[in-house]
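Morning, everyone. Please have a look at the model on the screen, and then I will walk you through some parts of it.

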Amino acid sequence: MSLSQQIAQFLASGMINGTIYALLALGLVAIHSVTRVVNVAQGEFAAFGALLAVSLVAAGLPVPASLLGAVAAAGLLGGVIHRVAIRPARDATPLVLLIITIAVHLALKGLLLLLWGTNPYLLQPFTAGPPIRVLSAALTRQSLWVIGVTAVALIILYLFFTQTIRGKSLRACAVNPTAARLVGIRVDWMGTLAWTIAGGLGGLAGVLITPLTLATYDMGLILGLKGFVGAVVVGMASYPWTVVACILFGMVEALGTGLISSNYRDAIAFGVLIVVLLWRAMATLRLGWIVSEEVAQE
Amino acid sequence: MTQRLWLLGFIVVLIITPALVTGRVSLGIFIFIGLFSLIAIGLTLLAGHAGQVSLGQAAFYGIGAYISAITTLRLGLPPVLGVMLAVTGAALTAYVIGAPIFLLRGHFLVLGTLGFNIVVDVVIRNVQGLTGGPTGLTGIPPLSVGRAIIAGDRAYYYLIWALVLLTLWLGRNLIDSRIGRALAAIRSSEVAAATLGINPAFYKARIFALSAAFAGLAGAIYVHYLGFVSPSPFAFNFSIDLLVMSALGGIAYLPGAVLGTAVLTVLREVLRTIMPHLLGTGASAEYEIIVFGLLLAVVVVVAPAGIWRAFAAFLRIDRGPLGSRGTLKPTNSSSPSSPPRREGKGPSTVLLKADELQKRFGGLLAVRGLSFEVKQGDIYAMIGPNGAGKTTAFNLISGVLRPTSGAIVLKGHTITHLQPYAIAALGVARTFQTPRVFGELTVLHNVMIGLHRSLRTGFLGGMLGLGRREDVHAAAEAASYLERVGLLDRAMDRAGALPFGAQRLLEVSRALATRPALLLLDEPASGLSTTERGELVRLIREIRDGGVTVLLVEHDVSLVMGLADRVLVLNYGEQIAEGTPAQVRADPRVIGAYLGDEVAS
């Protein structure tokens, strides 16, 4: 394979990974914008969805039902975590909320370990068949599923946020919770809704990626962190730009991994995180202070 | 007194422990409790006192370990030098990563450091030529000073616990110093701290470096104790364990770090003994995370103060986080020791000038084309209906917000693009519409934070307890500022417990303590009773007579008209009139804005 072919292959697989990161990043942004929590446990939704899907298939359920069931269960898990762990501490400082999500991460990881053990699990690709050539890269059919399903999910999310009253309420809570409460939106339940959406998106990521890699109880943290890298590039704010950033990040990671060494994959990914944080800090210096306008407006 | 007795008792127990330890319990566990305590103390300083959480402490522990291992083993440096390099290396790395991250508000440090920990782990495992890869390095020499070699469990036990006591002492001194007060202010409100001349990023980066130095020290001692090093203790799981240790002990209490570490380390040993019986042998070590995760969740939700507080109450150690001081005497019963700065120019000099200021929030022009001049020694008032842009104008002047366009000039210097702490350093102080006192601190300490820039004690001096004498003077000076606003008798109260009106006055006295040339008062009269208003008017005149120019935003038009030398009227972000109170009162546009256009026309 020539170098240009190799690079095309790296970019293609990076794009698939980036799509998965985007699903996790969108959940992080949804949670952060409505409840102001950086959710360290985001990746656990993916691990839970993936492992549950494997078990449902193994239990003899039809594959589509298993996958949908796993995604729905992950969403439910997100909502439950908000009600049980986050909402009771909603008046706490962001720091305490963050530590709570670390605790949730540990507890969920432990729960997954109890239920599924340390073995890796495999899910069959959604459709069988040889890889497809796109330009000079070979794409597995599962990769196309990842892109297709994610695209559909994004369209549904977009319609939800722009066309439904509930989606608009959610955006209102993100912009100004006090004003949202004053016009009769139940901010509390919007938080639960945001966590549910984040859980579902995380579960979807897990279900989509399992046929490409293996599902393990501890796959979550790294995936969630990589989603965070993409989200932080655009400041945990814009949904569409988060997707773009994640896909670019996936490509950078894959290129670096392919050209240097696969041993360094995570080091490259989180090296990018540190570079991005530095870059954003420089931008802060250039553009003005630190105080977000919402803080100054209080 | 009891506190000293308990400390003495604790030291005695530490000294005799090695003689008591026999049989199945080895001294090793006490050595590790000491080592981990060193790291947890650093994390408690960072998280409990600066409000920043790091999930990368295991990486700094590892950096310290490998620096000391590699420099002694491969370069043949003496171990003491290796330890010093390890501490410096860990601290520098933290500083280089932390300094930019702290420019970003919010909790980016957690994920940044978690990512960093993973990078360090991967690098240690893969740079085999230097680190020995997954198998690690062996044959690391023990610590030695000259010809004396420190070897054996007992020697390291005493060395490590002596270091624990030393770091506790250094940390406690630091918390009680000017630096500790600045950190507490930043934790409570970064904006308020910055407007008092404190640069939040500066202090956070340094305390982060200090916490990494403690971790690096622990790592360096660890490798010389064991004689070998491998990557596994430095993975991010251990960073999480360290956070659990700190939080369990009580994130605000330094001795809690030791207590939490001891409890968790013993608990882990117990779990390792009983878990295989309960759950079978497979991956039993992994099951710890369930217990640790639940423990962390329960502690944070149920008892955020951790177990140290209950433990201290049980031992009757009465020193709360507020601390206490002897009786307080103001430096001078009527006025502060040094008069506020007076600029040497005549009374008609322009102190502050705003030129075509504009601020846009998305589609809203909150302030448009605002131009005015405040003369030295004036009381200058901005009035206007709600949403007129008064507070926004204040935020622009104090640097909390940056204007979309236009310029602000103070004493001939353009300050438009300066950070709030730099503007404060040039002599601008402010209060907030909703008071932002540092609620967990005493009233006195609030004002002492206002004195921050006139005190000198730094990190090192603070850790060594060298700032005490300076603090005695500072407390007396702060007391004189409290006396001016009539709060001296509440000096030792928690600031958050003051009623609203008193919090406003506290903010004024805290702002005066920065010895400003220009004092910005954001709606000082709102929420005050009629008598309190009378006193406020008297106070503002007094402040002006002391040489401080006052710029205030106010709703109460009658108060302003009786007090101000000049008045600026804003409406919907636009300036509609400016002049003496009499001129403004007669202006038809002002009458229109306040009473409706029908009346005006």
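**A hairpin and its sheet**

Let me start with one pair of residues: Arg360(B) has Leu365(B) in β6(B) as its bridge partner. A word on what you are looking at. This is a predicted model, where local features need pLDDT of at least 70, side-chain atom pairs count only at pLDDT 80 or more, and totals for chains, interfaces and linings use all residues. Residues are numbered from 1 along each chain as its sequence is written, while chains are lettered from A and ligands numbered from 1 in the order in which they are written. Helices (H or I, at least four residues) and strands (E, at least two) are DSSP runs, numbered from the N terminus.

Back to the strands. Strand β5 of chain B covers residues 350-361, and eight bridges pair β5(B) with β6(B) in the antiparallel sense. Another of those partners: Val350(B) is matched with Lys375(B) in β6(B). Two strands count as paired if DSSP finds at least two bridges between them. Strands of a sheet pair through backbone hydrogen bonds, either parallel or antiparallel.

What sits between β5(B) and β6(B) in the hairpin? Two residues. In that turn, Gly362(B) has a positive phi of about 55 degrees.

Now widen the view. Four strands of chain B make an open sheet in the order β6-β5-β8-β9, with antiparallel pairing. Its edges are β6 (364-375) and β9 (413-414) of chain B, each pairing on one side only.

**A second sheet in chain B**

Next, an open sheet of six strands. Its order is β10-β11-β12-β7-β13-β14 (chain B), and the pairing is mixed. Which strands are at the edges? They are β10 (428-430) and β14 (574-579) of chain B. On average, neighbouring strands here are turned by 15 degrees against each other, direction ignored.

Look at one edge. Strand β13 (residues 566-571) of chain B runs antiparallel to β14(B), and five bridges join them. Asn571(B) has Glu574(B) as its bridge partner in β14(B). Leu570(B) stands opposite Gln575(B) in β14(B). This hairpin also has two residues between the strands, and Tyr572(B) takes a positive phi near 45 degrees.

A helix lies across this sheet too. α15(B) crosses β7 (379-383), β10, β11 (518-522), β12 (549-553) and β13 of chain B, at about 150 degrees to β11(B). For these angles, axes are lines fitted to C-alpha atoms, for helices over the stretch in contact, and angles run from 0 to 180 degrees between N-to-C directions. Helix α21 (residues 530-545) of chain B packs on the sheet as well, touching β7, β11 and β12 of chain B.

**Helix against helix**

Over to chain A. The axes of helix α1 (residues 3-35) and helix α8 (residues 187-209) of chain A come within 8 Å and cross at roughly 170 degrees. α1(A) and α8(A) are therefore roughly antiparallel to each other. The cut-offs: under 35 degrees is roughly parallel, over 145 roughly antiparallel, 65 to 115 roughly perpendicular, and the rest oblique.

Who meets whom? In α1(A), the residues include Ile20(A), Leu23(A) and Val34(A); in α8(A), they include Met190(A), Trp195(A) and Leu208(A). By class, this contact has 18 nonpolar, four polar and no charged residues. Here Ala, Val, Leu, Ile, Met, Phe, Trp, Tyr, Cys and Pro count as nonpolar, Asp, Glu, Lys and Arg as charged, and the others, Gly among them, as polar.

**Where the chains touch**

How many residues of chain B are in contact with chain A? There are 47, and they meet 45 residues of chain A. Contact means C-beta atoms, placed from the backbone, within 7 Å. On the chain B side, α4 (79-101), α5 (108-126), α11 (236-249) and α13 (288-302) each supply at least two residues. α5(B) gives the most, with 12 residues. That side has 34 nonpolar, 10 polar and three charged residues.

**Confidence**

Last, pLDDT, the predictor's confidence in each residue, from 0 to 100. Chain A averages 87, and 95% of the residues score at least 70. Among the elements of chain A, helix α2 (residues 42-58) has the highest mean, 96, and helix α12 (residues 293-297) the lowest, 40. Over residues 289-298 of chain A, pLDDT stays under 50.

Terms used: Contact = placed C-beta atoms within 7 Å.
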